[in-house]
Amino acid sequence: MATLERIRSKSVLLIVVIGVALLAFIIGDAITNSRNLFGDHTTVAKVGSNKIDYTDYIRKREELNSQFENARRQNPAQYANFDVQTLSQMALDQLVSEALLDQAAKDAGIQTSGSQLSYYVLEQPVNPRISEIMQQLNAAGYSVSTPPQAYELIFNPKRNGVTESQMAPFQRAWVAMENETAQMVRRNTYQRLLMGAVRANELDKKSLYNDYISTRNVDVVYKPYDRIDPEKYVVEDSEVNAEYQNIKGRYKVDELTKDISFIAVNIAPSDDDRAAARDLAARTAVSLRTENQIDKDLRKEGVMVTHKQLREKDLPRGAVKDFVLGAKKDSVEIVTDNIKGFTIVRNGGQTLQLDSIQLNIVQVVGEPLSSKVLASLNSGMAIDSIATQYPADSVASQKEQWFPLFNAQGPTNALDKSMLDSLLNANGKYVSLISSPQGSVFAQVSDKRAPVTIYEFDEVSYELKPSTQTVNDARTKLEDFLAANTSAKTFVENASNEGYAPRNVSLNASTPAVPRMAGMQNFFPDSRQVVRWVMIDGKPGEVSHVYESKDAMAPALYAAAVLSEYDEYVPLTNSEVKNYVTDKVRKSKVGDELVAQYSPKASDMTSASEAMGVESKNNPNFRFGRNAQVRDAAIMGQIAGSQPGKVVLVKGDNGIYAYQIVSTNTENFPFTDSQYEQQYFQLVNPNLGEMLKGSKNYKNNIFKFEAGD
């Protein structure tokens with residue numbers, strides 16, 4: 001009993017000891033494996049041994065998004081159709097390329113020398129971060145205009161009247177920028193070396209030269225297969241399988257790929273929505289006529305008002321222009337009312353205003369010098385004399401610069417009203433447009449164009465979109481269909497019966513969104529979420545729930561069914577592959593039959609032409625790869641290697657050919673080494689990304705890190 005009691009009394013301690021030992025084991029194992037364990041959980045993609053971490057991915061994606069937003073603000077028309085769904089994959093592609101370049105440069109022992117770094121930072125800057133640092137310095141009140149000036153200020157603060165602590169943040173930013181620039185130089189160096197490795201040897205260049213100077217005078221008859229009766233030319237599964245094995249290499253895939261059947265429901269306004277819009281147009285017109293304005297309730301319903309001031313040449317053609325030019329002031333009319341919405345115009349007055357003015361502009365650095373320059377200008381000194389009277393680094397001038405006051409969109413606001421009034425009331429004198437301790441900008445009106453008529457009017461518009469009820473009705477219908485068709489098989493079989501038009505699409509983790517057409521970078525809005533479900537959750541045979549596009553003006557609903565998945569070759573179960581291979585086998589049978597049918601009748605090109613019912617065409621300068629009459633690569637090569645002689649009948653991919661070489665010739669063109677070096681490079685068209693990737697395995701986990709539902 002005493003022994004048992006002693007054991008019991010020690011049991012708590014024993015449990016603690018065991019627990020501590022177990023915890024130590026777990027922690028030790030975790031420490032040993034933490035890098036791999038944690039790395040796997042934060043790896044967005046992996047190519048070979050190179051991993052792309054989630055934090056780098058987020059940073060790059062935000063960087064690209066910021067660049068896109070800036071570009072769209074500066075040029076909205078150019079980027080109006082840019083699909084932001086592509087930014088995520090673009091970010092990942094850039095990171096993968098950079099990782100492969102960094103690894104390759106490291107393996108090659110490429111370094112950035114101090115002189116290279118100095119050149120690409122101070123003399124010929126290649127990193128946009130340099131401009132950002134200079135902008136930050138100027139925003140903080142430190143005037144710099146060149147990278148050497150910025151470097152001098154940042155790393156010699158006392159000599160420039162500032163403290164070390166003031167420059168410390170800029171020093172850290174500069175060092176980071178230098179490290180990044182050194183990395184950019186290493187990458188660029190390796191890229192040049194890699195691209196330079198794609199060089200033609202003497203045999204390559206001579207081969208291209210010989211292909212060009214060797215010509216054939218050839219007569220060609222081509223008869224396309226046209227429409228083929230599948231019942232007459234039956235294709236067996238064994239034949240399709242055999243042909244697939246022959247061309248299987250063209251269907252190699254680099255990533256796990258899934259074939260889906262995809263339904264997109266584009267929701268249009270209903271008849272009720274259209275009737276409601278007509279009623280809204282009538283109420284809006286009444287409000288304009290009786291109250292000369294749009295009340296807040298109408299605005300809440302989506303009615304927009306834009307006050308416009310336009311020259312006659314800038315008025316939009318059609319009903320708006322006709323009304324503005326012909327209607328009385330304050331009159332109101334519904335000028336358009338259709339499925340897209342309505343437009344109402346309330347006519348305003350007409351005024352004569354300056355179209356543009358010409359200015360002489362002088363910029364002065366520093367407050368003390370500004371008053372002297374202004375006095376000199378207004379005492380009669382010509383603007384051309386500025387450069388000789390004052391230091392060139394303190395004064396700059398622009399002579400006779402035209403400033404448009406109106407453009408196609410209306411007033412440019414290039415000069416605010418107070419500035420414009422000052423200029424026009426100055427009677428030819430220079431006036432100050434901007435004045436500060438850092439300097440001033442003076443301007444003088446040197447010329448102005450005759451006033452033009454400006455038409456003022458209110459354009460009231462409403463864009464008709466499907467109502468919430470219309471969207472809900474479409475969603476309910478699609479949800480009912482999915483509830484009744486829970487397998488991919490029934491999804492495909494019954495979709496058309498319900499008025500849907502399913503289409504087959506192949507997706508992988510690198511697909512930004514569901515493409516509208518195969519091979520095209522044009523995607524369904526907000527369809528990236530569908531790709532995420534397919535790649536993360538969707539299994540062959542399964543059907544998704546309803547996904548919705550967030551585009552209020554063009555709402556859409558999506559659903560998908562996973563048909564198959566594969567990670568080596570696109571299989572014959574893929575409908576496009578099956579159709580292509582089947583068609584290829586069937587055309588081959590037709591070709592064999594037609595060649596056998598016409599060969600006995602083709603003793604010469606005249607009889608071949610008559611038998612085939614197609615006119616013979618002569619090509620006096622047939623060159624390999626450079627002709628329009630023969631598009632089939634195999635036939636092109638056969639003709640280029642033939643000698644004058646008998647008529648040859650041969651089947652091609654899409655028809656049969658009869659040809660006869662009349663004569664051969666060798667053109668007398670000089671051989672230029674650089675020309676054929678360039679032609680070889682264009683022919684090879686090296687893909688840097690694929691060259692770096694080589695046979696390395698690629699794993700894209702991007703959708704594991706993106707929000708889904």
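Visitor: Where does Asp330 sit?
Guide: In this predicted model, Asp330 lies in the loop that links helix H12 (319–326) to strand S6 (332–338). Its phi is near 70 degrees, a positive value in a residue other than glycine.

Visitor: Why is Asp330 called partly exposed?
Guide: Its relative accessible area is 41%. Buried means under 20% and exposed means over 50%, so a value in between counts as partly exposed.

Visitor: And what makes Asn685 exposed?
Guide: Asn685 has a relative accessible area of 58%; the cut-off is over 50%, so the word is exposed. Asn685 is found in the loop between helix H22 (673–684) and helix H23 (688–693), and its phi is positive too, about 45 degrees, although it is not a glycine.

Visitor: Now the helices. Why is H2 called oblique to H3?
Guide: The axes of H2 (residues 54–74) and H3 come within 9 Å and cross at roughly 120 degrees. Roughly perpendicular covers 65 to 115 and roughly antiparallel starts over 145, so an angle between those ranges is oblique. That makes H2 oblique to H3.

Visitor: Which residues make that contact?
Guide: Among them are Tyr57, Leu64 and Phe68 of H2, along with Leu87, Met90 and Leu95 of H3. By class, the contact has seven nonpolar, three polar and five charged residues.

Visitor: What is in the largest nonpolar core?
Guide: It has 43 residues, and those with the most contacts inside it include Leu92, Phe262 and Val530. Helix H3 (residues 87–107) gives the largest share, ten residues.

Terms used: Residues are numbered from 1 along each chain as its sequence is written. This is a predicted model: local features need pLDDT of at least 70, side-chain atom pairs count only at pLDDT 80 or more; totals for chains, interfaces and linings use all residues. Side-chain values use heavy atoms; hydrogens and water are left out. A nonpolar core is a set of buried Ala, Val, Leu, Ile, Met, Phe, Trp, Tyr and Cys residues joined through side-chain atoms within 4.5 Å. Buried means under 20% relative accessible area, exposed over 50%, partly exposed in between (1.4 Å probe, protein chains only). Helices (H or I, at least four residues) and strands (E, at least two) are DSSP runs, numbered from the N terminus. Axes are lines fitted to C-alpha atoms, for helices over the stretch in contact, and angles run from 0 to 180 degrees between N-to-C directions. Angles under 35 degrees count as roughly parallel, over 145 as roughly antiparallel, 65 to 115 as roughly perpendicular and the rest as oblique. Contact means heavy atoms within 4.5 Å. Ala, Val, Leu, Ile, Met, Phe, Trp, Tyr, Cys and Pro count as nonpolar, Asp, Glu, Lys and Arg as charged, and the others, Gly among them, as polar.
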